[in-house]
Amino acid sequence: SSLQAAHAPVARGAALAAPRPRRIAGALLALRAAVDALAPLRSKRSDGGIGDAAHASRGSDHNPWVVEGGKGIVTAIDITHDADGGCDGHRLAESLRAGRDDRIKYVIWNRRIFSATVQPWQWRPYTGANPHDHHVHVSVGSEPAQFDEARPWQVGV
């Protein structure tokens, strides 16, 4: 449908002709705001959103693969593990797993990953180069009802 074409993911590895305006998915901004409200003094040292050049060189949801309204949508964020500052990565990741929110595509934390589709909601080993032990990586789906649904998140930190 034309709606699907308007927000279809760009083929991974496809070069964009010119830089496109980009933004972080609204659902992820709502998640970060919920975490910040629960842990206002947390460190943000390992927080991340829009990918850097290293991310751009590989498939990553930190890249704006999804296009909506002429803007690239980044469908991943990283939230810093800072137990002393009130944001424990294990508690955050477990609360996301337990909540089974339909916006979640996958979550990576401390050498483990779970997703909504592959062995749904079960932790599996993660063997990527970055062990994700300084931050929790959260990716949301590529449909607007997933990436821009800003309803409250049920999270614990």
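**Reading strands, a sheet and a core**

User: Let's start with a strand pair. Which residue in strand 8 stands opposite Val 107?

Analyst: Val 138 of strand 8 is the residue opposite Val 107. Do keep in mind that we are looking at a predicted model. From a single pair of residues, step out to the two strands: strand 5 (residues 104-109) and strand 8 (residues 135-140) pair in the antiparallel sense, with four bridges between them.

User: And how many bridges join strand 5 to strand 6?

Analyst: Strand 5 has four bridges to strand 6 (residues 112-115), and the two run antiparallel. You can follow the pairing residue by residue: Ile 108 faces Ile 113, and Trp 109 has Arg 112 as its bridge partner. The two strands make a hairpin with two residues between them, and in that turn Asn 110 shows a positive phi of about 50°.

User: Where does the pairing go after strand 6?

Analyst: Strand 6 pairs with strand 7 (residues 124-125), antiparallel and over two bridges. Arg 112 comes up again here, since it stands opposite Pro 125 in strand 7.

User: How should I think about side chains along a strand, and is strand 5 mostly covered or mostly open?

Analyst: The general idea is that side chains in a regular strand alternate between the two faces of the sheet. For strand 5 in this model, five of the six residues are buried, so the strand is mostly covered.

User: Let's take one residue in strand 6. Is Ser 115 buried or exposed?

Analyst: The step you need is the cut-off: buried means under 20% relative accessible area. Ser 115, which sits in strand 6, has 5% relative accessibility and therefore counts as buried.

User: What does Ser 115 touch, leaving out residues up to four places away in sequence?

Analyst: Ser 115 touches Lys 105, Tyr 106, Pro 120, Trp 121 and Arg 124. With Lys 105, compare sequence and space: the two are 10 residues apart along the sequence, with their C-alpha atoms 5.7 Å apart. The side chain of Ser 115 also reaches the backbone nitrogen of Val 118, at 2.8 Å.

User: There is an open sheet of three strands too. What is its strand order?

Analyst: The order is 1-3-2, and the pairing is mixed. Strand 1 (22-24) and strand 2 (66-68) are at the edges with a single partner strand each, so each has one side without a neighbour in the sheet. From one strand to the next, the twist averages 40°. Strand 2 and strand 3 (residues 71-74) are joined by three bridges in the antiparallel sense, with Val 66 and Ile 73 as bridge partners.

User: Which helix packs on that sheet?

Analyst: Helix 2 (residues 26-38) does, touching strand 1 and strand 3, and its direction makes about 40° with that of strand 1.

User: Now the largest nonpolar core. Which residues touch the most other members?

Analyst: Leu 31, Leu 92, Leu 96 and Trp 153 do, in a core of 31 residues. Next, see which elements supply it: helix 2, strand 3, strand 4 (76-80), helix 4 (89-99), strand 5 and strand 8 each give two or more residues. Helix 2 gives the most, with six.

User: What is Trp 153 in contact with, leaving aside neighbours within four places in sequence?

Analyst: Its contacts are Ala 27, Ala 30, Leu 31, Leu 96, Asp 101, Arg 103, Ile 104 and Val 140. Leu 31 and Leu 96 are also among the residues that touch the most other core members.

Key
Residues are numbered from 1 along each chain as its sequence is written. This is a predicted model: local features need pLDDT of at least 70, side-chain atom pairs count only at pLDDT 80 or more; totals for chains, interfaces and linings use all residues. Side-chain values use heavy atoms; hydrogens and water are left out. Buried means under 20% relative accessible area, exposed over 50%, partly exposed in between (1.4 Å probe, protein chains only). Two strands pair if DSSP finds at least two bridges between them. Axes are lines fitted to C-alpha atoms, for helices over the stretch in contact, and angles run from 0 to 180 degrees between N-to-C directions. Contact means heavy atoms within 4.5 Å. A nonpolar core is a set of buried Ala, Val, Leu, Ile, Met, Phe, Trp, Tyr and Cys residues joined through side-chain atoms within 4.5 Å. A polar contact is a pair of N or O atoms within 3.5 Å; within protein, one must be able to donate a hydrogen and the other to accept it, and residues adjacent in sequence count only if both atoms are side-chain atoms.
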